[in-house]
Amino acid sequence: MNDRDPRVAKHYDELAGYWEQVAESPSKAELLWPAIDAMLPDLAGRRVLDAGCGSGDWSAELVDRGANVLGVDVSEQMVRVAEQRVPDAEFVRTDLEDGIDHVADDSFDVVLCQHVFSHVGDLTTPLSEFARVLADGGDLVVSTHNPVHDYLVVRDESYPSVDDESDTEARVETGPGSPSYAETERYDITWNPGDDANRATYYRRPIEGLLSPLIAAGFEIREVREPTPDGSFARAYPEIAETLRRLPATSICLRATH
């Protein structure tokens, strides 16, 4: 199950109008973003590639911190929203699996890539391109689905509901046979089955399948974080924190240098 699927772009095209609302949910705004933020260097005057920029939510923050930002995304609608929201950044529709030939070698100090790898069957091209466009010593900061979380989703054919996402239904579809943790496997989720259905393609991979391609592309892994609730989050969102406490972290965040 490793063929390309245009539903990834369609999935995000359909979400573009209200992605900001999704990004502001507690599990993202108060758990995921702070973990990523802690890995970012000082951005004043830095050149940053926001790879998988979505509707520009994080691009806006990068610009506010003094970065020169190019955002790329597979979704045409997301790019349009980002252009309107962040006029001080540049945005281009780009499928990272096809490469980023329009970007020159050594042209960025930081590459930020959030929750893109879970839609990519083969990480070789994106990572080799990130290595090419990063200047020596540049930082790659990545967030993606946690391999343990995704394996349980595929094994159980069920997506665990977190309280801030309790209004969202999910129907998980996997390939034939039992999943193999050691393999990279495609699965599909239909969000909100029914009239408002939105179907997307994902790929789950083992921890080795995430880290080995990074190393093969010439990156040195410097930090690894699994965003989990701390005391402050638990006091603000006790029900969500209790749910998350019983589950493996949804995301994993990495910082690597090249």
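**Exercise 1. Is tyrosine 237 buried, exposed or partly exposed?**

Before we start, keep in mind that this model is predicted.

Step 1. Look up the relative accessible area of tyrosine 237: it is 28%.
Step 2. Compare that with the cut-offs: buried is under 20% and exposed is over 50%, with partly exposed in between.
Step 3. Tyrosine 237 is therefore partly exposed.

Now try phenylalanine 233 in the same way. Its relative accessible area is 3%, so phenylalanine 233 counts as buried.

**Exercise 2. Work through the aromatic pairs, and classify two of them.**

Step 1. Start with the count, which comes to 5 aromatic pairs.
Step 2. Take tyrosine 187 and tyrosine 202. Their ring centres are 5.4 Å apart, with 20° between the planes. Planes under 30 degrees apart count as stacked, so this pair is stacked.
Step 3. Find where these two sit. Tyrosine 187 belongs to strand β7 (residues 185-191) and tyrosine 202 to strand β8, so the pair, 15 residues apart, links distant parts of the chain. Both tyrosine 187 and tyrosine 202 are buried.
Step 4. Go back to phenylalanine 233 and tyrosine 237. With ring centres 5.1 Å apart and planes at 45°, this pair is tilted.

**Exercise 3. Describe the largest cavity and its lining.**

Step 1. Count first: there is 1 cavity of 30 Å³ or more.
Step 2. Give its volume, which is about 70 Å³ for the largest cavity.
Step 3. Pick out the lining. Among the residues there are Phe117, Ser118, Thr144, His145, Asp150 and Arg204.
Step 4. Sort the lining by type, and you get 4 nonpolar, 3 polar and 3 charged residues.
Step 5. Ask which elements contribute. At least two lining residues come from each of β5 (134-145), α7 (147-156) and β8 (198-204).

**Exercise 4. Place serine 59 in its surroundings.**

Step 1. Find its element: serine 59 is in helix α4 (residues 57-64).
Step 2. Check how accessible it is. Serine 59 has a relative accessible area of 0%, so it is buried.
Step 3. List its contacts, skipping neighbours within four places in sequence. You're left with Asp50, Cys53, Val69, Val86 and Phe91.

**Exercise 5. Describe the stretch that UniProt annotates.**

Step 1. Read the record: an unreviewed UniProt entry lists residues 49-142 for "domain: Methyltransferase type".
Step 2. Work out what that span is made of. Residues 49-142 are 30% helix and 31% strand.
Step 3. Check the two ends: the end C-alpha atoms of residues 49-142 lie 12 Å apart.

Methods: Residues are numbered from 1 along each chain as its sequence is written. This is a predicted model: local features need pLDDT of at least 70, side-chain atom pairs count only at pLDDT 80 or more; totals for chains, interfaces and linings use all residues. Side-chain values use heavy atoms; hydrogens and water are left out. On a 1 Å grid over the protein atoms alone, a cavity is a set of points where a 1.4 Å probe fits but cannot get out, and a pocket is an open set with protein on both sides within 12 Å along at least five of seven lines; lining residues have an atom within 4 Å of a point. Grid points are joined across faces, edges and corners, and a volume is the space filled by probe spheres set on the points. Helices (H or I, at least four residues) and strands (E, at least two) are DSSP runs, numbered from the N terminus. Ala, Val, Leu, Ile, Met, Phe, Trp, Tyr, Cys and Pro count as nonpolar, Asp, Glu, Lys and Arg as charged, and the others, Gly among them, as polar. Rings of Phe, Tyr and Trp (its six-membered ring) pair if their centres lie within 6.5 Å; planes under 30 degrees apart count as stacked, over 60 as edge-to-face and the rest as tilted. Buried means under 20% relative accessible area, exposed over 50%, partly exposed in between (1.4 Å probe, protein chains only). UniProt positions are given in the numbering used here, feature names are shortened, and annotations may be inferred rather than shown by experiment. Contact means heavy atoms within 4.5 Å.
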